[in-house]
Amino acid sequence: MGLYLGLDSSTQSLSAMIIDTGSGRVVLDESVNFGKSLPHYGSPSGFLPNENPQLKHADPLMWVEALDLLLGQLKARGTDFSVVQGISGAGQQHGSVYLKQRLSDIPAWDPTSDLASQVRPLLSRPSSPIWMDSSTSAECQEIAAAVGGDARVVTLSGSRAIERFTGPQIRAFYKRDPQAYAATREIHLVSSFFASVLIGRSAGIDHGDGAGMNLLELATGTWSPDLLAATAPSLGEKLPPAVASRTQVGEIADYFVSKYGFKRGTPVVAFTGDNPSSLVGMGATEPGTAVVSMGTSDTVFAAMRQPHTDPRGFGHVFGNPAGGFMCLICFANGSLAREKVAEKTGLSWDAFARGILEETQPGNQGNLLLPFFIPEMTPKLLAPKVELFGSERFRAWQEPAALARAIVEAQALSMQRHSDWIGEQPKLIRVTGGASKNRGIRQVLADVFGAEIRALSVGNSSALGGALRAAEAIGKVPFASLYEAFAATDPASNVSPAAGATACYGELRQKFVERLAAVGA
Ligand code: XUL
């Protein structure tokens with residue numbers, strides 16, 4: 001029994017959650033928003049603006065400054081970190097950090113200074129490509145060609161070569177700036193970078209997040225010599241080891257002991273990707289429960305016993321932090337697309353839900369929206385594509401309620417279409433992420449999928465997953481009993497498909513698929 005800390009560095013914020021396995025309660029749940037709290041990084045949505053919509057980078061110093069800021073705020077409010085018995089966490093997937101020195105070779109962090117000033121001189125690349133980047137199509141083709149084609153990349157790594165995945169991103173860096181690449185001694189994922197900062201040494205990359213790189217051999221859990229060679233020279237020397245997700249990677253650095261009051265020797269467990277972490281936080285590490293996560297990206301994921309890949313090439317297989325595998329499909333046009341519609345129609349989130357629930361009907365009287373406000377990975381669209389079909393007023397953006405329904409219906413139809421390779425249609429879906437709190441959005445998911453929708457009492461499933469993984473690996477509390485206490489569903493949030501609603505989608509689904517085909521998706 002004890003207290004465990006989970007951290008989650010997502011696209012737009014850093015969160016900390018502390019759970020008490022004795023009382024079965026979450027005792028702390030706090031976040032800092034990068035855009036709001038660290039405006040000097042010029043990244044209102046967590047990434048650096050760029051006129052090329054395919055290029056999406058973030059400043060890694062923003063992430064470490066957020067860590068100092070959040071821990072400092074919590075300490076100032078009286079949080080006693082000395083009672084924390086283990087730490088783990090998660091990061092947005094695929095993003096990478098490039099360092100001139102291995103973190104194991106640097107002197108200990110100096111507690112009289114801050115982290116950002118100490119990390120700045122270590123960077124061999126000032127910005128980090130993140131998961132929203134879609135600029136590496138040429139590199140994907142080169143990697144696939146070098147190892148013998150798309151099918152071989154899928155067999156080795158669980159996914160086709162994908163633009164946002166770290167291998168193609170590393171190759172693009174090597175091609176565009178070979179000197180800076182040569183000067184790079186260590187490349188981390190956001191997750192392993194955070195764990196490394198916490199322990200002041202190089203932490204391994206776990207199998208959950210490592211599988212999102214097009215570099216890890218799924219079958220062995222080790223870096224694939226063929227994929228390494230196809231990606232960039234000497235890459236194997238620059239990567240930390242690939243480790244099982246429950247590996248204890250080290251102990252908290254003295255910096256955090258003297259500055260924030262952690263107990264010396266507090267163990268840190270390998271960090272993982274935000275989606276694998278959410279699989280744990282949603283209590284879904286056993287096959288049978290599908291999860292829809294609606295955050296900056298929308299994702300659909302589920303545990304799998306045996307790896308099984310997507311014939312259309314959009315889905316991925318990652319390591320399941322609890323053992324085995326998970327499948328995942330990611331949609332870039334998640335909350336940013338919903339926010340664009342709310343902004344253009346002037347609807348508050350309450351009005352957005354009312355528009356869906358009270359003012360419109362399933363099927364939206366045939367009004368349909370292609371919802372790609374930014375480049376999309378599922379289906380692949382390298383340029384934004386927003387098209388409206390339906391009544392004249394709808395097409396002129398003059399029907400706020402129908403537009404609210406249209407964006408959510410299009411997103412749900414796309415999720416359903418692109419997750420059909422996983423197997424049977426889910427009858428029960430667990431939802432998480434900010435947008436899943438909106439009853440209108442939950443109702444559309446229920447109606448489109450014809451599934452019961454359940455949300456958990458605890459929000460922020462990725463930070464929760466970090467705390468649960470620390471409790472399991474360090475405190476030896478089995479996942480099953482952790483799920484009983486922390487992954488319980490909140491009955492007030494249950495939504496069932498409305499009578500006859502699912503049948504309304506036959507025609508709209510057909511129209512949606514045709515519209516996708518018409519834009520080459
Ligand atoms: C998953 C993906 C996104 C990020 C968002 O493949 O790219 O869900 O993990 O943080």
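Is F318 buried or exposed? In this predicted model, F318 has a relative accessibility of 0%, and because the cut-off for burial is under 20%, F318 counts as buried. F165 also stands at 0% relative accessibility and counts as buried.

These two residues belong to one of the aromatic pairs, of which the structure holds 11. The ring centres of F165 and F318 are 6.3 Å apart and the ring planes meet at 40 degrees, so this pair is tilted. The pair joins distant parts of the chain, since its members are 153 residues apart. F165 sits in the loop between helix 5 (150-157) and helix 6 (166-176), while F318 is part of strand 18 (residues 316-319).

A tilted pair is also formed by F256 and Y260, with 6.3 Å from centre to centre and 35 degrees between the planes. Here both residues lie in helix 12 (residues 254-260), four residues apart, which is about one turn of the helix. An α-helix has 3.6 residues a turn, so residues three or four places apart point the same way. F256, at 0% relative accessibility, counts as buried, and Y260, at 6%, counts as buried as well.

Elsewhere, Y98, F173, Y174 and Y181 make up one aromatic cluster. Y98 has a charged partner too: the charged end of R125 sits over the Y98 ring, 4.8 Å from the ring centre. A charge is likewise placed over the ring of F389, where the charged end of R515 lies 3.9 Å from the centre.

The next topic is helix packing. Two packed helices are described by the angle between their axes and the distance between the axes. For helix 15 (residues 349-357) and helix 17 (residues 400-418), the axes come within 8 Å and cross at roughly 85 degrees. The crossing angle makes helix 15 roughly perpendicular to helix 17. Helix 15 contributes F352, G355 and I356 to the contact, and helix 17 contributes A401, A404, R405, I407 and V408. By type, the residues of this contact are six nonpolar, one polar and one charged.

Helix 17 also packs with helix 21 (residues 505-518), at an angle of about 80 degrees and with the axes 10 Å apart. Helix 17 and helix 21 are therefore roughly perpendicular to each other. On the helix 17 side, the contact is made by R405, E409, A410, L413, S414, Q416, R417 and H418. On the helix 21 side are Y505, L508, R509, F512, V513 and L516. This contact divides into seven nonpolar, three polar and four charged residues. R405 is listed in the contact with helix 15 and in the contact with helix 21.

A406 is another residue of helix 17. With a relative accessible area of 2%, A406 is buried. Apart from its neighbours within four places in sequence, A406 is in contact with N364, N367, L369 and F394. L381 is 25 residues from A406 in sequence, and the two C-alpha atoms are 19 Å apart in space.

Why is helix 13 (residues 274-281) described as largely enclosed by the rest of the structure? Eight of its eight residues are buried, so the description follows from that count. The buried residues of helix 13 are D274, N275, P276, S277, S278, L279, V280 and G281. After helix 13 comes G283, which has a positive phi, near 65 degrees.

Technical notes: Residues numbered from 1 in each chain as written. Predicted model: local features only at pLDDT ≥ 70, side-chain atom pairs only at ≥ 80, totals over all residues. Heavy atoms only, no water. Phe/Tyr/Trp six-rings, centres within 6.5 Å; stacked < 30°, edge-to-face > 60°. Helix = DSSP H or I, 4+ residues; strand = E, 2+ residues; numbered from the N terminus. Buried < 20%, exposed > 50% of the residue type's maximum accessible area, 1.4 Å probe, protein only. Lys NZ or Arg CZ within 6 Å of the ring centre and 35° of its normal. Axes fitted to C-alpha atoms, helices over the stretch in contact; angles between N-to-C directions. Parallel < 35°, antiparallel > 145°, perpendicular 65-115°, else oblique. Contact = heavy atoms within 4.5 Å. Nonpolar A, V, L, I, M, F, W, Y, C, P; charged D, E, K, R; others polar.
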